[in-house]
Structure formats: C-alpha cells, structure tokens
Amino acid sequence: MGTTADADIIVVIESTWKAQKAIASQLPQYTLIGEPREDAFGVSVFSKPPIVDTTMLSLTEAHLPALAFQIDVAGENWHILSLHTMPP
C-alpha cells in the first residue's frame, strides 16, 4: 500500500477474499470482520476500537450483505451499519 492508516475504522465495499487478505496484511493493528465475496457486494471492516458485537444482515431479496457492528469507544458502544446499495 505504501501509505499509513490512522483511521479508527476502515470499511471496504466490493471486497474480495484476495483484496481483504492484501489489506489485512498491511494493517496488523486492526481487527478484521466482514464477508468478502467474488461479486461486487463483499464488505470488509477493519477496526482499531474493540469490536463488541457483529451481525451480518441481508436487507434485500437479492441477499446483499449488510454488516451491523458495535465498537467500544471510551466505554460507550457505537452502533455502525455498513452496506452496499444496488446501483441505479
């Protein structure tokens, strides 16, 4: 990658297994969760704050993944939803 990451959370949409593995190898300080796929609807999340809970959701009839997760930020649980919508 050649750059440094200082983000607390990095969400990668359209993530494949190959991309997730390559990114994870460059970000050892992050916890990884997600559902990479070989189509255009995978999702990977890299988090520095502790991950408290995760739920993989399917919000559409097309079974596109949406990842709901909670992180601990200074003793507070933050709820985050990562999803990829259908193109117009």
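**Fold, hairpins and backbone outliers in a predicted model**

P50 lies in the loop that links β3 (43-47) to β4. The model described here is predicted. Beyond its neighbours up to four places away in sequence, P50 touches Q70, I71 and D72. One of these contacts, I71, has W78 as its bridge partner in β6. P50 was also compared with D6. These two residues are separated by 44 positions in sequence, and their C-alpha atoms are 15 Å apart.

The overall architecture comes next. One helix and six strands make up the secondary structure of the protein. Their order along the sequence is β-α-β-β-β-β-β. The radius of gyration is 13 Å, close to the 12 Å given by the globule rule for 88 residues, so the protein is as compact as a globular protein of that length. The C-alpha trace spans about 35 × 35 × 20 Å along the principal axes.

Burial, contacts and surface were then computed for the whole protein. Of the 88 residues, 31% count as buried. Among contacts with a separation of 6 or more, 39% join residues that are 24 or more positions apart. The accessible surface is about 5,600 Å². Carbon and sulfur atoms contribute 57% of that surface. Charged side chains comprise 4 positive and 10 negative ones. The centres of the two sets are 13 Å apart.

The strand pairing was examined for β4, β5 and β6. Strand β4 covers residues 51-58 and pairs with β5 in the antiparallel sense. Seven bridges connect β4 and β5. One bridge partnership sets S58 against P65 of β5. The hairpin formed by β4 and β5 has six residues between the strands. Within this hairpin, H63 adopts a positive phi near 60°.

Strand β5 also pairs with β6. This pairing is antiparallel too and runs over eight bridges. Two positions illustrate the register. L67 stands opposite S82 in β6, and I71 has W78 as its bridge partner. I71 is also one of the residues touched by P50. The loop residue P50 is thus placed in contact with a residue that has a bridge partner in β6. The hairpin of β5 and β6 has two residues between the strands. A74 takes a positive phi near 55° in this hairpin.

Backbone outliers were considered last. Most residues other than glycine have a negative phi. A74 departs from this sign, with a positive phi of about 55°, although A74 is not a glycine. It sits in the loop between β5 (65-73) and β6 (76-83). The relative accessibility of A74 is 82%, over the 50% cut-off, so A74 counts as exposed.

E14 is another non-glycine residue with a positive phi, in this case about 65°. Its location is the loop between β1 (9-13) and α1 (17-26). E14 has a relative accessibility of 46%, which falls between the 20% and 50% cut-offs, so E14 counts as partly exposed. H63, in the hairpin of β4 and β5, likewise has a positive phi, near 60°.

Conventions:
Residues are numbered from 1 along each chain as its sequence is written. This is a predicted model: local features need pLDDT of at least 70, side-chain atom pairs count only at pLDDT 80 or more; totals for chains, interfaces and linings use all residues. Side-chain values use heavy atoms; hydrogens and water are left out. Helices (H or I, at least four residues) and strands (E, at least two) are DSSP runs, numbered from the N terminus. The radius of gyration is taken over C-alpha atoms; the globule rule is 2.2 Å times the number of residues to the power 0.38. Buried means under 20% relative accessible area, exposed over 50%, partly exposed in between (1.4 Å probe, protein chains only). Contact means heavy atoms within 4.5 Å. Accessible areas come from the Shrake-Rupley method with a 1.4 Å probe; for residues, only the protein chains shown count as cover. Lys and Arg count as positive and Asp and Glu as negative; His and the chain ends are not counted. The place of a charge is taken as NZ of Lys, CZ of Arg, CG of Asp or CD of Glu. Two strands pair if DSSP finds at least two bridges between them.
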